[in-house]
Amino acid sequence: MAEITNIEWTDATVNFWWGCSPVSLGCDNCYAETWNNFRGNKQWGPGAPRRKIISAAASLRRLQKDADNFERIHGRRRRVFMHSMSDVFDNEVPAEWREEAFAAAEAADRLDIQFVTKRITNLEKLAPAHWLSSALPAERLSFGSWPRHIGVLMSVVTQREAERDIERLLKLKQRHRLPWAGISGEPLLEALRPRRLRVGKKLWLDGLTGHYLQDLGRGYTETIYHADGELPGPLPGLDWVIIGGESSKLARPMHPEWVRTVRDQCRAAGVPFLFKQWGEWKPVSEMDRDELTEVRARPEIQRVEGMPPVASFLTTPNQQMDFFKVGKSKAGRTLDRRIHNEFPRISA
Ligand code: SF4
């Protein structure tokens with residue numbers, strides 16, 4: 001089933017199956033699980049059988065057929081998010097389901113397919129062998145051919161996940177020549193520093209440019225980093241960063257300083273940045289006087305007062321923020337009163 005979607009960074013979603021298991025703090029209030037439960041289905045959790053969507057391959061073929069029409073209207077290729085109700089690299093689905101999904105994605109070469117995963121370690125285990133460059137020794141190395149229209153977006157919601165997974169993603173991008181690779185911080189749960197990922201004892205990685213940095217020790221006020229010397233060769237950097245807040249009944253608020261710091265790092269490194277939404281909770285910093293007066297006068301609207309941004313590396317660590325739970329559509333998606341809506345440069 002292909003669905004036209006309101007998700008800001010894509011045009012359509014296709015799922016070859018429904019169902020998944022939580023693997024991260026970002027899964028705590030999974031919208032897909034909530035929606036699945038609401039429909040009375042039972043496809044969530046380890047061992048729970050996933051539900052196959054029979055019509056998915058036909059849907060992708062239909063979108064592929066409509067490519068000329070879409071491009072004439074929009075002046076660009078259609079973006080298709082696989083999978084919004086599951087994880088494309090879930091190892092709990094039967095191999096033949098995955099094979100069908102990957103074959104259909106490969107054939108849909110008039111679309112920009114967006115694989116989204118919280119299981120990046122499964123990419124080399126589960127992607128079709130002919131897409132991958134062999135992990136054999138150099139003399140036996142044979143290059144696979146990862147489809148030029150399929151990019152990979154990996155979920156990262158905390159600095160710990162960023163330090164664990166971004167280097168891995170960039171190595172995969174280099175090894176298998178992925179056309180683009182990005183991260184999605186949805187829901188962002190703390191401030192992120194993608195340009196300062198601690199990946200070794202004195203070794204850091206700038207995830208946006210792919211350059212390794214050495215920690216030379218502390219100067220008067222801050223740590224000094226150096227990019228020369230005995231460092232591993234650079235990796236290709238990230239091509240895209242998406243940030244978004246949580247939208248569900250139990251949603252957690254997202255401090256604007258967390259988003260600003262990622263935006264500013266992307267800007268400095270020239271990496272496209274897309275701010276998707278605040279989610280349920282809108283910070284006071286995005287409200288004008290009338291809106292603030294209105295929400296303050298409505299005691300039924302939940303609020304959080306004086307939330308600090310906490311992370312020590314933030315430039316304004318003491319900036320506390322009040323939030324009102326006004327709902328996703330009212331909370332909107334402006335940051336510092338403007339929309340940030342950049343996409344990776346794809347040359348498929
Ligand atoms: S990986 Fe995605 S679909 Fe699966 S439980 Fe987590 S948030 Fe939900």
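Two strands count as paired here if DSSP finds at least two bridges between them. Keep that in mind for strands S16 and S17 (residues 321-325), which pair in the antiparallel sense over three bridges. What you have in front of you is a predicted model, so every value below is computed from it.

**The small antiparallel sheets**

S16 and S17 belong to an open sheet of three strands, with the order S15-S17-S16 and antiparallel pairing. Strand S15 (281-283) and strand S16 (303-307) sit at the edges with a single partner strand each, so one side of each has no neighbour in the sheet. From one strand to the next, the twist averages 25°. If you want a spot to click on, try Arg 303: its bridge partner in S17 is Phe 324.

There is also an open sheet of four strands, again with antiparallel pairing, and its order is S9-S10-S11-S12. Here the edges are strand S9 (197-198) and strand S12 (223-226); each has a single partner strand, so one side of each is left without a neighbour in the sheet. Strand S11 (residues 211-218) runs antiparallel to S12, and three bridges join them. Arg 218 is the residue that stands opposite Thr 223 in S12.

**Strand S13 and its parallel partners**

Now for some parallel pairing. Strand S13 (residues 240-244) is mostly covered, with five of its five residues buried. Trp 240, Ile 242 and Gly 244 point one way from the strand, Val 241 and Ile 243 point the other way, and all are buried.

S13 has parallel partners in S8 and S14. Strand S8 (residues 181-185) pairs with S13 in the parallel sense over four bridges, and Ile 183 has Val 241 as its bridge partner in S13. Strand S14 (residues 273-277) also pairs with S13 in the parallel sense over four bridges. There, Ile 242 has Leu 274 as its bridge partner in S14.

**The nonpolar core**

Val 241 turns up again in the core. The largest nonpolar core has 76 residues, and those with the most contacts inside it are Met 82, Ala 105, Ile 113, Phe 115, Leu 188 and Val 241. Helix H6 (residues 159-176) supplies the largest share of this core, five residues. As background, nonpolar side chains in soluble globular proteins tend to be buried together.

Take Phe 115 as a way in. Leaving aside its neighbours within four places in sequence, Phe 115 is in contact with Met 82, Val 88, Ile 150, Val 152 and Leu 153.

Is Gln 114 buried or exposed? Gln 114 counts as buried, because it has 25 C-beta neighbours inside 10 Å and the cut-off for buried is 20 or more. Gln 114 lies in strand S6 (residues 111-117). Its contacts, again leaving aside neighbours within four places in sequence, are Thr 10, Arg 79, Val 80, Phe 81, Met 82, Gly 151 and Leu 153. Val 80 is 34 residues away from Gln 114 along the chain, yet their C-alpha atoms are separated by 5.8 Å.

**Around the ligand**

Which residues surround the ligand? They are Cys 20, Pro 22, Val 23, Gly 26, Cys 27, Cys 30, Ala 32, Glu 33, Ser 86, Asp 87 and Lys 118. Sorted by character, this shell has six nonpolar, two polar and three charged residues.

**Backbone oddities in the loops**

A few backbone angles deserve a look, and here they are together.

| Where | Feature | Value |
|---|---|---|
| Met 82 to His 83 | cis peptide bond | omega near 0° |
| Glu 186 to Pro 187 | cis peptide bond | omega near -5° |
| Arg 177 | positive phi, not a glycine | about 50° |
| Val 310 | positive phi, not a glycine | about 75° |

His 83 is found in the loop between strand S5 (78-82) and helix H4 (95-107). Pro 187 lies in the loop between S8 and S9.

As for the positive-phi residues, Arg 177 is in the loop between H6 and S8. It counts as partly exposed because it has 15 C-beta neighbours inside 10 Å. Val 310 is in the loop between S16 and S17, and this residue is exposed, with 12 other C-beta atoms within 10 Å.

Methods. Residues are numbered from 1 along each chain as its sequence is written. This is a predicted model: local features need pLDDT of at least 70, side-chain atom pairs count only at pLDDT 80 or more; totals for chains, interfaces and linings use all residues. A residue is near a molecule or strand if its C-beta atom, placed from the backbone, lies within 6 Å of it. Ala, Val, Leu, Ile, Met, Phe, Trp, Tyr, Cys and Pro count as nonpolar, Asp, Glu, Lys and Arg as charged, and the others, Gly among them, as polar. A nonpolar core is a set of buried Ala, Val, Leu, Ile, Met, Phe, Trp, Tyr and Cys residues joined through C-beta atoms within 7 Å. Helices (H or I, at least four residues) and strands (E, at least two) are DSSP runs, numbered from the N terminus. Two residues are in contact if their C-beta atoms, placed from the backbone, lie within 7 Å. Axes are lines fitted to C-alpha atoms, for helices over the stretch in contact, and angles run from 0 to 180 degrees between N-to-C directions.
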